[in-house]
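I opened a fresh page for this structure. I want to note what I looked up, entry by entry.

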Amino acid sequence: MVTDVRVVQDMFDEFKKEFDAQNDRREFLVKASRDITGLSKKVIFLLHRIMNEDAQDASAQSKRASESGMAKLREVQAVYAKIKVELQGDLFWRHHRAISPSLQEYVEATSFAWYLGHSTLVSFNQVQQELSDENGVPVCVRLNAVNMPSLLQFFPLPLEDYLCGLSDLTGELMRLAISGIARKGGRDRARKICVIVRKCKTELEKCAPHVKEVRKKQAVATESLAKIEDAVYATVIRTSEYDLSDEILDCIISRSVSTGHGGNIQGSGRHFCSGNAHEDD
């Protein structure tokens, strides 16, 4: 009888150790996820700060911002490298919800930096390749079917996190388009951003019925696209109304955007364009 009680006690002691280990791992991953999210946001702020600087060569400015962002993202990848031992095998899926927000923020920052350098959206495979340590070495080497090493990240990047990150990117592209629309080359950049955001939103709409998180984020993406379209509409109207130099036209557009959107880039571009035109007349 005493032996049976001891066996049961030992069994529950093992359960306790396992639950404690799971809780400790979860708390560790939640903290790491917050750190990664904070670092990724800093990368996004860095990219906007560089892009808002006055520059004669817009192409060189975008390239410099992209390179700076990718270099800063090494800090994020170093954190992922440190937590890889806690995400081996099925542990990744068990704790996916703990690190999912950081993965989405990382995809958003990576795709923003990638867009500035390549003027395209980053691919799913490219994001996986970017998950490497601070020395640029992939954080894990996994054996394939014939026991030969193949370069893969230490945990699979969930497709839903990649799609959610791209959906969040539309908001950053909207800020980029609006903030620089009155600068040299800003009108052309805004038109290009409008096209790529529209295509991105259209493709994500196909995934929305199957991915709940994407469906929630699409409402924000729709608002971002509307703001970009309004601002681009304003520039097109101003360009067609007046035969002015680019410098004077940029000043008018800047005043129209700030007045019509109240500093928050809201409202109808068609409305404030027509209103300002009457005032100028």
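Entry 1: terms and model. I count helices and strands as DSSP runs, numbered from the N terminus. A helix needs at least four residues and a strand at least two. I also note that this is a predicted model.

Entry 2: the chain as a whole. I looked up the elements. The protein chain has 10 helices and two strands. Along the sequence I read the pattern α-α-α-α-α-β-β-α-α-α-α-α. Then I checked burial. The protein chain has 281 residues, and 44% of them count as buried. The exposed surface comes to about 15,600 Å². Carbon and sulfur atoms supply 54% of that surface. Next I took the contacts with a separation of 6 or more. Residues 24 or more positions apart account for 74% of them.

Entry 3: the largest pocket. I looked for open space. Rolling a probe the size of a water molecule over the atoms shows where empty space is left. The largest pocket has a volume of about 400 Å³. Its lining is made by 15 residues. Which residues lie nearest its centre? I found Ser62, Leu116, Ser119, Arg189 and Lys192 there. I then asked which elements give two or more residues to the lining. They are helix 2 (58–82), helix 4 (96–118) and helix 7 (186–207). Helix 7 gives the largest share, with five residues. I sorted the lining by class too. I got four nonpolar, six polar and five charged residues.

Entry 4: helix 4 and what follows. I went back to helix 4, one of the contributors to the pocket lining. Helix 4 is mostly covered, with 19 of its 23 residues buried. I picked Glu105, which sits in helix 4. Is Glu105 buried or exposed? Glu105 counts as buried because its relative accessibility is 11%, and the cut-off for buried is under 20%. I set aside its neighbours within four places in sequence. Glu105 is then in contact with Thr37, Ser40, Lys41 and Ile44.

I moved on to Ser119, just after helix 4. Ser119 belongs to the loop between helix 4 and helix 5 (124–130). Its phi is near 60 degrees, a positive value in a residue other than glycine. I wrote down the background for that. Most residues other than glycine have a negative phi. Ser119 is exposed, at a relative accessible area of 51%. I had already met Ser119 among the residues nearest the centre of the largest pocket.

Entry 5: aromatic pairs. I searched the whole structure and got four aromatic pairs. I wrote up two of the pairs.

One joins Phe92 and Trp93. Their ring centres are 4.9 Å apart and their planes stand at 80 degrees, so I call the pair edge-to-face. Phe92 counts as buried, at 0% relative accessibility. Trp93 counts as exposed, at 51%.

Another joins Phe124 and Tyr162. Here the ring centres are 5.4 Å apart and the planes are at 85 degrees, so this pair is edge-to-face. Phe124 lies in helix 5 and Tyr162 in helix 6 (residues 159–179), so the pair ties together parts 38 residues apart in sequence. Phe124 is partly exposed, with a relative accessible area of 23%. Tyr162 counts as buried, at 9%.

Entry 6: Ser167. I stayed in helix 6, where Ser167 lies. Ser167 is buried, with a relative accessible area of 4%. What does Ser167 touch, leaving aside its neighbours within four places in sequence? I listed Leu204, Lys217, Gln218 and Ala221 as its contacts.

Entry 7: Lys82. My last stop was helix 2, which holds Lys82. Lys82 is exposed, and its relative accessible area is 65%. I checked its spacing to Ala32. The two residues are 50 residues apart along the chain. Their C-alpha atoms are separated by 9.2 Å.

How values were computed: Residues are numbered from 1 along each chain as its sequence is written. This is a predicted model: local features need pLDDT of at least 70, side-chain atom pairs count only at pLDDT 80 or more; totals for chains, interfaces and linings use all residues. Side-chain values use heavy atoms; hydrogens and water are left out. On a 1 Å grid over the protein atoms alone, a cavity is a set of points where a 1.4 Å probe fits but cannot get out, and a pocket is an open set with protein on both sides within 12 Å along at least five of seven lines; lining residues have an atom within 4 Å of a point. Grid points are joined across faces, edges and corners, and a volume is the space filled by probe spheres set on the points. Ala, Val, Leu, Ile, Met, Phe, Trp, Tyr, Cys and Pro count as nonpolar, Asp, Glu, Lys and Arg as charged, and the others, Gly among them, as polar. Buried means under 20% relative accessible area, exposed over 50%, partly exposed in between (1.4 Å probe, protein chains only). Contact means heavy atoms within 4.5 Å. Accessible areas come from the Shrake-Rupley method with a 1.4 Å probe; for residues, only the protein chains shown count as cover. Rings of Phe, Tyr and Trp (its six-membered ring) pair if their centres lie within 6.5 Å; planes under 30 degrees apart count as stacked, over 60 as edge-to-face and the rest as tilted.
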